[in-house]
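Reader: I would like a close look at one part of this model, the place where two helices pack against each other, together with whatever surrounds that place in the chain. Please take it slowly and connect the pieces as you go.

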Amino acid sequence: MARAGDNYEPTAPKPYEFVSIPQVRGQDREHPAGHDRYDAERLSGHLSANLLVLTWLHVGAGSIRLNRSPKYPLIRSHVRVGGQVAMPASSLKGMVRSVAEAISHSCVRVTRAPRNQLPPGAAECRDKEKLCPACRLFGALGYQGLVRFSDAVLHPEEGVGPKLVRMPALHSPGKHRGPYIQSGRVVGRKFYKHGQTVIDANTPVEVCPPRARLDFRIDFDNLSKAEVGLLLTAMGLSDPPFYLKGGGGKPACYGSVMIQVQQFQTWAGAEELYGSYDIEQEATNMKQYLKAAGDLVEPDQLTRITSVLAYDPNRECPSGNY
Ligand SMILES: [Zn+2]
């Protein structure tokens, strides 16, 4: 006999899409550049940027916090770094990496799928002498990666401090990482879409409100032009742009952020600095790298991600369990 609880169909349209997994061909895996010296043929540099919060962002600290409000005495607290609300470097990196993996011929790291159910070559890189684009940039088992993220820390600005909202009780964050398996078949990488956030449900959580800005920095060593381009593209900076999702409550449309670059500088080799702090020059440089990304970015995959992660503030999100 069917009970009401057996019906798992969402009332609102499903808040996610699957993005197919491209195969990883032999030529996609390369020997990664080292960390021990600057390579004159490759680019090192850094960028300063911020996450502009578009909906509500909750990066759970995994702890409960006492609240002064008698109505909500206990709330789920947001991660803090040095006393400031923040998104830890690891979460920030994971958010950018998941897009980089989906738009390039990169391996699938987090999965319960047997290797033979993945597209050809897509199983996790195991030889650190031959790494896929995402592993070269962000690291693999026993290899550090050429891109380093700082924590993203809330910009101290009047009126946009942490707030309290009531998030729908949905799946716990992180539970559905990796590609989704349906009837023994890997259907793709799962990406949650953007939409209207429900803030009057049942679970009190501490969030960064819309318009909050979290500052961070990325440093990179010995990247090819195309690898710099892949990094920038995965941050949603291509044209047309797209927006990333981080933290908890993704099914309820929490965690939509836009990455805005404030400063971007590259140099080749150890000393020869040719980057510039001139904002127009930086924009030109970034365009040049975004174009070079074509060597690593699969156009169909980028088109798909751009459509799934397009910002739509009017799209409805589920407000209950499902
Ligand atoms: Zn890999």
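**A helix pair and its surroundings**

Author: The protein chain holds five helices and 15 strands, and the model in which they appear is a predicted one. Of the 322 residues in the chain, 41% are buried. Among contacts with a separation of 6 or more, 82% are between residues 24 or more positions apart.

The part you ask about is the meeting of helix 1, residues 89–103, with helix 3, residues 225–234, whose axes lie 8 Å apart and form an angle of about 115°. The crossing of helix 1 past helix 3 is right-handed. Helix 1 brings Val96, Val99, Ala100 and Ile103 to this contact, and helix 3 brings Leu230, Thr233 and Ala234. Sorted by character, six of the residues in the contact are nonpolar and one is polar, while none is charged.

Taking helix 1 by itself, we find 15 residues that reach 21 Å from the first C-alpha to the last, which is close to the 21 Å expected at 1.5 Å a residue. Because 12 of those 15 residues are buried, helix 1 is largely enclosed by the rest of the structure. The buried residues of helix 1 include Val96, Val99, Ala100 and Ile103, the four that also take part in the contact with helix 3. Lys93, Arg97 and Glu101 are also among the buried residues of helix 1, although the contact with helix 3 has no charged residue.

Helix 3 gives a similar account of itself, since eight of its 10 residues are buried and it is therefore largely enclosed by the rest of the structure. The buried residues run through Glu227, Val228, Gly229, Leu230, Leu231, Leu232, Thr233 and Ala234, and among these Leu230, Thr233 and Ala234 are the ones that meet helix 1.

From the helix pair we can step outward to the largest nonpolar core, which has 78 residues and in which Leu214 and Leu231 touch the most other members. Helix 1 supplies seven residues to this core, the largest share. Leu231 is also one of the buried residues of helix 3. As for leucine 214, its contacts beyond four places in sequence are with Asn50, Leu51, Ala86, Met87, Ala152, Val153, Leu154, His155 and Cys208.

Strand 13, residues 213–223, follows a loop that leads from strand 12, residues 203–207, and holds arginine 211. Arginine 211 has a positive phi of about 80° although it is not a glycine, and it counts as exposed because it has 11 C-beta neighbours inside 10 Å. Asparagine 222, which lies in strand 13 itself, likewise has a positive phi, of about 50°, without being a glycine. Asparagine 222, however, counts as buried because its C-beta neighbours inside 10 Å number 22.

On the far side of helix 3, the chain continues with glycine 236, whose phi is positive and near 85°. In the loop between helix 3 and strand 14, residues 244–245, we come to proline 240, and the peptide bond that joins aspartate 239 to proline 240 is cis, with omega about 0°.

Proline 241 leads us on to methionine 258, for the two are 17 residues apart in sequence and 9.2 Å apart in space, C-alpha to C-alpha. Methionine 258 belongs to strand 15, residues 256–268, and it is partly exposed, with 18 other C-beta atoms within 10 Å. Leaving out residues up to four places away in sequence, methionine 258 touches Leu52, Leu54 and Tyr243.

Finally, on the stretch of chain between the two helices, cysteine 135 lies in helix 2, residues 133–138, and is buried, with 24 other C-beta atoms within 10 Å. Apart from residues up to four places away in sequence, cysteine 135 touches Cys107, Cys125, Ala140 and Tyr143. Cysteine 135 and leucine 146 are 11 residues apart along the chain, and their C-alpha atoms are separated by 9.1 Å.

Methods:
Residues numbered from 1 in each chain as written. Predicted model: local features only at pLDDT ≥ 70, side-chain atom pairs only at ≥ 80, totals over all residues. Axes fitted to C-alpha atoms, helices over the stretch in contact; angles between N-to-C directions. Left-handed = near helix turned anticlockwise from the far one by under 90°. Contact = placed C-beta atoms within 7 Å. Nonpolar A, V, L, I, M, F, W, Y, C, P; charged D, E, K, R; others polar. Core = buried A, V, L, I, M, F, W, Y, C linked by C-beta atoms within 7 Å. Buried ≥ 20, exposed ≤ 12 C-beta atoms within 10 Å, placed from the backbone. Expected span 1.5 Å × (residues − 1).
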